[in-house]
Every structure is written in C-alpha cells, then in structure tokens.
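Student: I'm new to this one and a bit lost. Could you pick a part, look at it closely with me, and tell me how the pieces around it fit in?

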Amino acid sequence: MANPVREDDEVRADPRQDGVRCMWLNAPNVIVPDFVPRVLDGALVADVPLAVVCWRLVGSKFMASTVLMRAISNILGRYSDRGGCSRGGWMFMSTSLFTTVNLLHVRLTSGNKGIKRLTQWLVAFLGVAQLGTWSLANPKTLLGVVFRGCWLFVLGVYCLIAKKLGLGGSFLLRKVDFPASPGEVSKDWVEKCLQTAGTDTTGLTSISVSPLSCAPGSGSSRELAQGFIGETARITVEYDEESHEKESRVRSLVGKFPTRNMLQRFKMRNVGVYFRETMFYSSVAHKLREWNDGLLGTQLKVPRTFAVNFDDGRSDFVILMEDCAPFVSGDERVGATWQQACSVAARYARFHSIHWSNSLSELEQNHKLNWVGCFDWLELHPMIVQQVFENGLGDLMSQERFSRLLSPEVQRTLKLFSKNIPAVLDHFKCGPMTFVHADARMENMLFPKELDSYAQDEVCHGGLVYDDIYDRRGVNWSVVDWQTCCKGVGIQDLAYFIAMDLTVAADAGTKCDEILVEYYYRELGKCLRLRGVEDLSLSYSFEQCWEDYKLAMLIAIIVPIAVMTEDSLGCANQDRAQAVRESMLSRCVKSLERLDVAAILNRVLEGTFESRSMGGALSNYTLMEDRLLRAEQDDIAIVLKGATPDDELLGHFNDSSIHDLPKGTNVQPGSGRRDAYDRWFLNGYDIHGKYFFAAALGVYPGRRVVDASFSCVIDGIQHNIRASRKLSEEEWPQYDYENDKSRCSPPSFIAESQVGPISISVLKPLESVRLTVTLPGEILVDLVFEARYSPQMEPHYDQTKPHIGEFNYDRLTQLIKWKGSITIAKQTIQVCDWWGTRDRSWGRRPHPVADHSRPSNLRRNAIVASAQCRKVLNCLMKKWSPQFYWIWCPINLEFGAITYHSQQDVEGKVENGAAHIFGDPFNGSVSYPDTRTVQIPTSREGAFQEVEVVGSEKNDETFEGSFLSATKETQYSLFGKVEAGGHSLRYFPGTRHAKDVTIILALPDGRRVTLSCEPLFPFFMSGVGYNHPTWGHGIDHGADLCIHVDHLHTEMVDRNDPLYWHIQEVCRITATVHSKEAAPDDPPIATSYGIGCIEQLIVGPHQPSGFTSLYDV
C-alpha cells in the first residue's frame, strides 16, 4: 500500500471540481489531432531524399531503389484501396519487406561499411517512424490498436517504476495531488474538496476510512471493500461538539479508487474504464439536474461529487461523492423485482431523451461527447473483440457449472454473434442514438428501504400489469458506476437490466418484456415531445424499438461471457464473483430463448455477408447400377467369428485387394496393400431429432490394424470413444495349398468383430445386428438393430483423385431401426424404435492420416485451421488443390425411406450417385399407375406376400431369399425406380456446410418427389475416426490395444478446422410428391415427414458452389 499523505502536505484543489488529465492518445476514444496525418505524409515522403542520399552519398543504387520502392508502395497503401489486403497490413508488409532487404544488403556486400551501416539504421529508423505514425493516424485499425496497447503498457510500467523510485513531482514524473487509494486519504484533502464544493467545514476535526459495507461511524477500520475492477471506501467525517449538531454538515462520503492489482489496472486503462467514469462525473453528472428540468416524472439520480481526479500516466483516479446511505445496492444473485423493472423502464426513458438524436452524427454534433465512443470496448478492432469473446466463451464452456446453462441453440446463436459483432453494432448505428449507461444492473443502483414493506413480485409471471410504485410515491433512487457509459441505442439499457436481473417465469412468455418496452417507448415519446419531437414513430417506430430490444440482449450476455472471467476480474472474492456470473448468465440465456433472439439475429445478418448456394441439375440415374444385396452372394471370403451359422460377411477381400504378390507367395501379417479396408458404419437417431449416435468398425489388413469407435450427441455435447488394436496372426489371410496346389484358393480371413470395449455381432445376417460398448465409468451401450428395408448396393466407385489417391470400393446402404439403451454422462437413454442407417463398404481407398505421423497431421491441421493461413493456402493452391465433393442422405420416413447420394467433380458432374425409394413414403395417399402384382419373399422360411410394383420390365423372375427383392430390375417400392435426381443447397455463412438442402427425385411416370432438409444439429465424423489427425482410420498406435475418450460441444467448434470438415447434419425432413403437370407453386399431392442425416465433405474447388480453392468460403 502506498504511504498516506501527511496532514501538513499541501493539497491543491482544482477550481473546476475536477482534475481529469489525459493525453489524446491515452483516451479510449482517440481523437487524432490534425498534425498527425501531416507528420505521416512527411515521414512517407522523407524516403525520397533518403533514396537520393543512398545513391549519391553511399553510392548504392540498390539501397536507393529499395527505399524509393518503399516510398511508392507506402504512398499507394495510404491513399488507395488495396483490395483484400487492409491498408495497415499493406503498410506493415511493405515497410518490413524493404527495410529488411536493405539490412541484408548491407550485411552481404562489401565497401564502406561505416557509412552504409549509418544509412541502414537511418532507413530502419524511418521505417519504424512511418509505422508508428501510421498507427497514430489510424488508431482503430489492428496495427493502431496494437501500437496503442504497447504504448499504454510501456507508459504504465514506466510510471510504476518511477513512482517506486520516488521520482514523483520531478520532470520525469508529474506530481499527482490526489489520493490513489483509501490509505492515502487525508483530512486536509477531504476538507479542501468540501470547501471547493461550497460546503461548510467549520469544526472538522478528523476523518476515518472504513469498508463501504460498514455503516457510518462504525469505527476506523481501514479494510478495503474491493469490487471487480476497483476499490471503494466510506469516509466518515467528524466534527467538534459545537459544529456536530448542524444539519448542513456532510458526515459521510464515499471514495472510489482504482484496483491495487496492477495487471487489472493496465487492462482497465486499455478500455478506458477509469477515464470514462471520471469524465462522466466531471462533464455530465452535474448537468443532469439542469437537463432534467421540465421532464415528466421523477428523474434518474446520480450522487453528488466533491472531487473527480484522473491521471492517465499511472491510471490513478479518485471520485469523492456523497454517501447515499441508507440507500442500498441490489444483489445480482437475488435480482430485481417487477416493480423495480417498471421504474427502470420509465426513468431510463427520461434519461435517454436528454441526448436523443436521430443519428450518430447528429448526436456528436449537438452534444459534446467526443470523449466517449460507441458501445464501449466493442468498438476495438473486430479481430480483437471476436478473440476476447470467443476466449471468454471457451472459458465458460470448459466449466460444467456454466456450460450446463447454455442449450445447443443458444450456443449456436452465440457462435454466430461472435463472428458478426461489428455487423450487429452497425445495425444499431443506423437508427437513433443517445448517451447510455451501458451497465444498468442492480448492483449499480441504490434503492431506499422505505418500500421494503410493499409487496413486490420477485418472479414475473403472465398476469402482471405495469406497476411503478416508485413513481407513484415520488421515491428517488440513484445510479452509480458509469465506467462503461457510451453512445449507443437507448433501449440497450433496459434490455441489459432485464437480461441481467429480471427473473421471468416460463409461463409469462414475452408479455413482461412487451409491457416494459411499450411503457419505455411511450415515456420516451412524452419526454421528446417536451423537447420538440412531436411524433417519435416517424423516426423510430415501436417495431424497431422492439427489434432493438431483442437484439440488445446479445450485448448484455457479453458481460457474463467475456467480462466476468476469472482472469479479467482479478478480485479477491472469486466465489461471489462466480455466483454473480452464474446468475447473470442464467437470466441472459433465458432471455435469448424467450425472445427468440436467434431469429432476429439471422434476419439482421442476412444482408451483411455473401450467401453461397448450389443449384443442382437432375442427373440421369437410369444406367447406374441398381441392385439389392442378396444373402447368396458367393464372392466373399471373410466372415465374422462367433456369429450365427449363416455368418454375415465382414469383408469382400480378394487377392488383388489384399496384396499384389504373385500367387503362391506366403503373405506375412501386415504386408500387402495399405489402402485395402473393410468398414462398418452405423448411425441412429430418435424420431424427434433430439439424440444421435454413430459407430464404426474397420479392418485394414495391409496395416495389420482393426479400429472401432462410438460417438453420441446428447444436449449439444458429442461424446467420443475410439479404440484400436493389432490384427492377430490367427486373423490374417492364409493360402491353402494342401487341397489343390495347382491353383491358389481364396484366402481365409476370419476377424474378431471386437476392439476393446466396442463390439459388433451379427444376430441374423443382413437383418439384425447387436452393438455393445462397455467402458465402466464412461459409457455403456447395448443396442440391436432390425432391418426396415433390404440393403441396397450403391454403384461401384473406381476413380483416382489427384492429390488424394485411388478409390476402388463397393458400398451397401440399409435403413434400420434400433432398440436398447445408452448410458453416458450419468444419463440413461432408452432407445425404442429409433431410426438409422447401416453403411458397409469394402475395397481400396486412401487413408492419408494413417500414412503420416501424428505430429505432422497435427501441424497440418493447425495450419489449415488458422483463418489467415487458409487465406494464403487458398491463394497458392487454386491450381493444385485436392477436390472432393460428397453428399450422402439416408432418410427415414414413417411409412418408407429414401436414400440419395451424389459425388461430383470440379464442374459439378456426377461421378457416382444413386437414389432409391423404399416402401410407401406417403402411406397410400398417392395412386400408382401401371402396376402389376408379384410375389416377393418376406422371410427365410419362404412366406410370400403380394404387392403391386411399378415398371414396364417383363422379367418376373422372383428370388428366394431373406429380403424383399421382386425382380432383378425392380426394387421393392410402389414408386418404382428413380429415373433422375439432383439437389440444391445453401451454405451456412462462412462455412462449407449446408444451411438447408432440397433434393428432387424424378419418377418413371413423370411425378417428382421433393425432400426439404432442415438441419437440427451437427455430428462431426472425426468422432468416429474420419480424418482425425491422431485417431484416424488405420493408424497403428503401436500397442496391442489403445483406447481414447474425449468430448466436444458441437456448436462451439470452428467448422473451418479440418477436424470438423466432414459432418453429418441431423435433419428434419419434409417429403412431398407432385404430379407431372404441377407448376412449382402448386400444392403437393401428398406430404410426409421424417428424420435423416446429410453427410457432407466438400474440399477443393466446386464450380456450382462458387468454390475455387482448397477451402474458400
């Protein structure tokens, strides 16, 4: 603690009652003096004579040319638009490049080293001067913000060291003539302040300093009441017996001081917290009484101040104000009552009318408020604001205490807001602006105790009416803590208060909000009429006010997310701070949900960014392979060990897919083709689209690896478990030469379908499978699927993709339903008739993450995950970028199912695709022309049923088998084979993930089926190993068994990180069928609903989507 000021020290009182001293560069709202741009122009032009010096005096044409090029480049950067590169970035790169070239040139060449080095340092000094001056002239740019932050930090450190060395009052550090902490408060200083304010101090004998929480006169305790960003103390003034009884005596004062935590003080100085509050009390507060004259009703009150001092060098300040006791501040943990909220709405409306202006320029012109900016620290550089908000959001989501309060929908809204904060602020600036408190909450409001006996509503419910008991009885209350005051939208203060402090019952809906906003708007209009504005609705409608109110809820939630972090608070009572943060966050989240802020945010942002979309053309599927997988296929040699007597085949390996060695060669474990694989993929979801899970199990003979994974999304959290093991020698394919040595028989490959805790076992081939996951303490899964429809073979894919590798595989897809249970995160979910998909593929495909080391995979992902690095890569890789476009949509409807997939090249041409309709998706609502009756088997016992199928094929051959296969050419669907199909989609802004998808399928008789897919929540395929840098498919972990568990919040990830490129979006499906003659706007013949998923992986250029490089968005 600093030494207290002695009573005999001379204390100077400022005759204006304030001493706010601040250099223009240190102010939060930097107003650049006129001379700075002229100095910058001079610094840039100075390169020209310097180039002449390098040429004539030094004799180096190379140095002269580089200096001249720097001058030309910098002047162009200052006065012209550089396209995608900001002017600050251009200046920085240009100056750094040419200055570095000069330095290297001197180092590498011979000659007169002395004069060359002198000139090189002159060139370097001028370059630094140019950057520094440019930063001063452009304080709102990233370079300017960084430069100012460095300046303030260096200034703060210098002042701190100088103060410690006792240099205060010398030419090295000006003297501060006010106390900077409660311990420095003296009787003489207090007496001087009171006398300057015109208060009689006759008979003042002593003062005592005590915590603000203590009552006046409670003693001389010097313990400090420490707030989140400052300290407050009560100063009790004692008089002699003769003067003590006089009523005019000031007996108690309150002093506000900066925090003693120097790191916090530096942070507060950077955003101008202390300067802003001292400027309010010195230039605005004492005028409120004058401005309030003539307004209707009781006004917003602020405490009277006796001294306001601020020193920008050391970031010291003091505010000496009246003690408002017995008024007491509210408690954020308790919140506000409905009656207090009503009073806040009325009095803040009157306060906002004082500075009300139709635009920001009018506000700045009519009111001298150039010392304060708009929206507090949110006006810093967008990159910094976004980083601060996302860091706070990440800190919050890492703590279960807070993350449980945020639903996935709110997380999605906050993620979108974090990337578009400047756009939201610009939206506010388009309307009327005023001077706002920007921190209107209960702990900054002092209410009297005289209304404690009045019954007030602590929880707002739907039956309430407007009830301002404070206005009716003429009761005053005061507002303190103006550290974040700024120019902004007026309704912001009311929204901030409601979001922070008002507890609204679930049954109230938005009625309480509507009452408060309506009264605020009405009261604002009354006060403005007294100031000459006859009709507020002409410049600011109620609808706009209501929209601004809802959108301003996002401004409020910034505080518990980005401001109330442990690092930013730094206060001693962290338990209380975290309790306050939890209360604030809970009410803010409920306000976002109650008011459907996500909808208004999306509407506001619609015109602020380029929305990419893809219009798809119909592709002819008639010639594509279309057959059902039959149980009697005989080209499979790999089976599941321990399954039924009719073992289902685990793989379709043959000689060429396992190895390239000549026949007769004995294959050793782990030898052969490394791209050979066989993989199961399973997923499932409830019919309401609330839960989702997926599992995968893959065999990689050439890598001698089997891996499996399970992942489940519950309440926006994706829980992942992955396991990997070695293939044993007993499982390895071997040739049998004993029976027939003249030729090689197919290899026998019997693989265990269990990898650590994850197991897949076939109960009935191609019909029923059991999935179990047993990891005590983490997850327990026991699920069984039954086939809804027969498995469908997709077209064989044989393609070599440049910069990726060779694909040569087969795939089957089957629509299924699940039953069983999932226990995860101490929550058990009963699975009953959930829908899902079984995907099975085998053959050869590249596994790039398994071909590289884990460190290199992590480095690659880290580079591509950086937005700045992606910009560079997108510029460099336009001609050499890998290309892969994949959309896969298995859809379950109540009475049918549909599968669709499309793999396209750069031009959008379909390389591989298919579409199938199963069952009767519209439950008999559609007639089926050109039908015929055939018998199809329904079980292995040979029972048949008659169904009508569409088609003109004459092949009526039926098959005996376990699945519904009518003929070789006709699949089991009353609609017949899909003749053509295509899709269109719109992308989420700034990503390559679909915001919505529309699929159109053309039927043989001309009718079309339209599928509208509305995403509900994402599932990231890296959870089950796809493209995971350390747990990707086929990676050899070096041990017999490895297990890994992790969790992620699905709405918090960066979708442009390569880890999250591959995605399945759970969707709500609306299926409609239209007649052949129907126009686009005609109503459908029938409609059906369901749930499905859209798998997406889009990398590289794709012309229909407008993508031109690796991952431009």
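Tutor: Sure! First, the labels: helices (H or I, at least four residues) and strands (E, at least two) are DSSP runs, numbered from the N terminus. So a name like E29 is just a place in that count. Keep in mind that this is a predicted model.

Let's warm up with Lys-826, which sits in the loop between strand E29 (805-824) and strand E30 (827-844). Lys-826 is exposed, with a relative accessible area of 88%. Its phi is near 60°, a positive value in a residue other than glycine. Most residues other than glycine have a negative phi, and most peptide bonds are trans. Asp-481 also has a positive phi, of about 60°, and is not a glycine; look for Asp-481 in the loop between strand E11 (478-479) and strand E12 (486-488). As for the peptide bonds, a cis one links Ala-325 to Pro-326, with omega about 15°. Pro-326 belongs to the loop between strand E7 (316-322) and E8.

Now for the close look: Glu-332. You'll find Glu-332 in the loop between strand E8 (328-329) and helix H12 (338-354). Glu-332 is buried, with a relative accessible area of 0%. Its side chain makes a polar contact of 3.3 Å with the side chain of Arg-441. Setting aside neighbours within four places in sequence, Glu-332 touches Arg-441, Met-442, Glu-443, Met-500, Asp-501, Val-580, Ser-583, Met-584 and Arg-587.

Follow Met-500 from there, and you reach a helix pair. Helix H19 (residues 491-501) packs against helix H21 (residues 542-563) at an angle of about 55°, with the axes 7 Å apart. That angle makes H19 oblique to H21. The crossing of the two is right-handed. Met-500 is one of the H19 residues making the contact, along with others including Ile-491, Leu-494 and Ile-498, while H21 brings residues including Cys-545, Tyr-549, Met-553 and Val-559. By class, the contact of H19 with H21 has 15 nonpolar, one polar and one charged residues.

Go back to H12 and you'll meet Ser-343, which is in that helix. Ser-343 is buried too, with a relative accessible area of 0%. Apart from neighbours within four places in sequence, Ser-343 is in contact with Asp-468, Tyr-470 and Trp-477.

For a whole helix that is covered, try H10 (residues 273-283), where eleven of its eleven residues are buried. Among them are Arg-276 and Glu-277, as well as Phe-275 and Phe-280.

Methods. Residues numbered from 1 in each chain as written. Predicted model: local features only at pLDDT ≥ 70, side-chain atom pairs only at ≥ 80, totals over all residues. Heavy atoms only, no water. Axes fitted to C-alpha atoms, helices over the stretch in contact; angles between N-to-C directions. Parallel < 35°, antiparallel > 145°, perpendicular 65-115°, else oblique. Left-handed = near helix turned anticlockwise from the far one by under 90°. Contact = heavy atoms within 4.5 Å. Nonpolar A, V, L, I, M, F, W, Y, C, P; charged D, E, K, R; others polar. Buried < 20%, exposed > 50% of the residue type's maximum accessible area, 1.4 Å probe, protein only. Polar contact = N/O pair within 3.5 Å; in protein donor to acceptor, adjacent residues only side chain to side chain.
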